[in-house]
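Subject: Structure handover and contact notes

Hello,

Here is the structure for your files. My notes on it follow below.

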Amino acid sequence: MAQLFKHAHLVCPERNISEAGWLAVENGVITASSFEHKEHPDETGFSEIIDCKGQILGPGFVDMRAQSSDPGAEHIETLDSLLTAATSHGITSLAILPSTEPVIDNAAMIDSIQLRAGRYNKGRLYCYGAATKQMAGEQMAELGMMTQAGDIGFSTGNTTISDSQMMRRLMTYAKMFDRPVMHHCEDPALSDAIDMNEGETATRLGLIGQPAIAETIILQRDIALARLTGVHYHASHISAASSVDVIRQAKREGLSITADTAPPYFMLNEISVSGFDSAAKLNPPLRTEDDRLAIIAALLDGTIDAIASDHMPIDPDEKAQPFSLASFGASGLDVLVPMSLKLRQTHDMGWPHLFSLMSYRPAQILGLAGGKLGISAPADLVMINPDSAYILKSADFKSQSRITPFEGTPCEGKVTGCWVGGKNQFQQ
């Protein structure tokens, strides 16, 4: 099938282009665009013509960090609802953490999940392989066999490998298999039974705080080991200004270091916890206003490479408890785009830069073909109406998990279309 997307505002982060134009697709791949051919094509040669009416058309978003509750807790979220929520918000590629039940620590689990996801014929789903068996941090998982099965990296989910020798061995093998190591940085000794960020707010509320240095200490150790092994190391959901400084210095040194963050860490600070709203209980915890501003600066200057949803579906019963007893986590897929678009509105971030953070760089980090509008690239596309205004309501979420600290936030800019391999997957 040949498709023509006309009257579009094309955004290609790979080429740093944002301009009016058209895009041609055939058999699920991009075949031509106004980037190469200024003359408008003959419309009679297309079986489907999509009039974008001046809306933004760019490469589909690549979410490099989401938790799946399926298998193991399908009552919270299924693969079907996960992929529906993703494509309804322009996320065409979704990478899930290995912390399912059972854990994704072998090739059979990767084969099983990807086979099931393929049956839904929606977005593209990819799996991280667990770095250690059962994610216990004691024995390496079947790294080679998971690589052959198509994993996109080795992850620890929301756990930390505290054993430095284990981390060194993992990095050595990951380097050999040409896979990134994705790590959740949190010193366990500084994070036992914590409720929120350590500081004046925690003291005033009578809650147990975690110092920001708990993240940075592990990050510094990991970067030292990455320097030793030469592995591609990726720091997940960075939240602290001190961590940003460490990553910035490592990049200046030329190390293969990348990092992501999530909307709560550039949109909110620890004051959000003041009302004891458990929807704001996250891991890592919301930090200070200085930390939040440092995260934004890192997104603007490229120190942080990507924005991920950090989707963590939670049973409502586990949230509807006193703050100290409530579980960490919140829904992320339904808020990723509207909250990230606010960077354009409040910090004048250009469209190519935003798409780089949400499409191009995540695809590069994970070794995926998407994230760009080049010839022969997959026709994974998202269309956005930048002028659509609305109030964010969890009742409208496509995800089965409807817990969010952004309830009632005024938003501007909404996804209006999503194509995966040229097939329309958007649900209103």
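Which residue forms a salt bridge with Arg65? The partner is Asp310, and the closest N and O atoms of the two are 2.7 Å apart. A salt bridge here is a side-chain nitrogen of Lys or Arg within 4 Å of a carboxyl oxygen of Asp or Glu.

Before the rest, the conventions. This is a predicted model, in which local features need pLDDT of at least 70 and side-chain atom pairs count only at pLDDT 80 or more, while totals for chains, interfaces and linings use all residues. Residues are numbered from 1 along each chain as its sequence is written, and side-chain values use heavy atoms, with hydrogens and water left out.

Salt bridges

Asp310 lies in the loop between β16 (306-307) and α10 (316-319) and Arg65 in strand β6 (residues 61-66), so their salt bridge ties together parts that are 245 residues apart in sequence. Helices (H or I, at least four residues) and strands (E, at least two) are DSSP runs, numbered from the N terminus. Arg65 is buried at a relative accessible area of 2%, and Asp310 is buried at 13%. Buried means under 20% relative accessible area, exposed over 50%, and partly exposed in between (1.4 Å probe, protein chains only).

The count of salt bridges comes to 15. Another of them joins Lys122 to Asp80, with the closest N and O atoms 2.4 Å apart. Lys122 is in the loop between α2 (107-120) and β8 (124-127), Asp80 is in helix α1 (residues 79-87), and 42 residues separate them. Lys122 counts as buried at 17% relative accessibility, whereas Asp80 is partly exposed at 28%. Salt bridges that share partners also join Asp245, Arg248 and Asp301 into one network.

The side chains of Lys38 and Glu19 meet in a salt bridge as well, at 3.6 Å from N to O. This pair links distant parts of the chain, 19 residues apart: Lys38 in the loop between β3 (29-33) and β4 (48-51), Glu19 in strand β2 (residues 17-26). Lys38 is exposed, with a relative accessible area of 62%, and Glu19 is partly exposed at 28%.

Also in helix α1 is Ser81, which is buried at 10% relative accessibility. Beyond its neighbours within four places in sequence, Ser81 is in contact (heavy atoms within 4.5 Å) with Lys398, Ser399 and Gln400.

His234 and Val181

His234 is in strand β14 (residues 233-235) and is buried at 0% relative accessibility. The His234 side chain makes two listed polar contacts: with the side chain of Thr258 at 2.8 Å, and with the side chain of Asp260 at 2.7 Å. A polar contact is a pair of N or O atoms within 3.5 Å; within protein, one must be able to donate a hydrogen and the other to accept it, and residues adjacent in sequence count only if both atoms are side-chain atoms. Not counting residues up to four places away in sequence, His234 touches Met64, Val181, Met182, His183, Thr258, Ala259, Asp260 and Ile365.

Val181 belongs to strand β11 (residues 181-183) and is buried at 1% relative accessibility. Outside its neighbours within four places in sequence, the contacts of Val181 include Phe154, Met167, Leu170, Val231 and Tyr233. Val181 and Ser191 are ten residues apart in sequence and 22 Å apart in space, C-alpha to C-alpha.

Nonpolar cores and a surface patch

The largest nonpolar core has 73 residues, and those with the most contacts inside it are Leu94, Leu125, Leu219, Tyr233, Ile238 and Ile384. A nonpolar core is a set of buried Ala, Val, Leu, Ile, Met, Phe, Trp, Tyr and Cys residues joined through side-chain atoms within 4.5 Å. Apart from this core lies another, of 19 residues, among them Leu207, Leu282, Leu392 and Phe397. Leaving aside neighbours within four places in sequence, Ile384 is in contact with residues including Ile56, Phe61, Leu341, Trp351 and Phe355.

On the surface, Leu190, Ile213 and Ile217 make a nonpolar patch of about 210 Å². Such patches are made of residues with over 30% relative accessible area and no salt bridge, with like charges joined within 9 Å and nonpolar side chains (Val, Leu, Ile, Met, Phe, Trp, Tyr) within 5 Å; accessible areas come from the Shrake-Rupley method with a 1.4 Å probe, and for residues only the protein chains shown count as cover. Ile213 is in helix α6 (residues 213-229) and is partly exposed at 39%.

Regards
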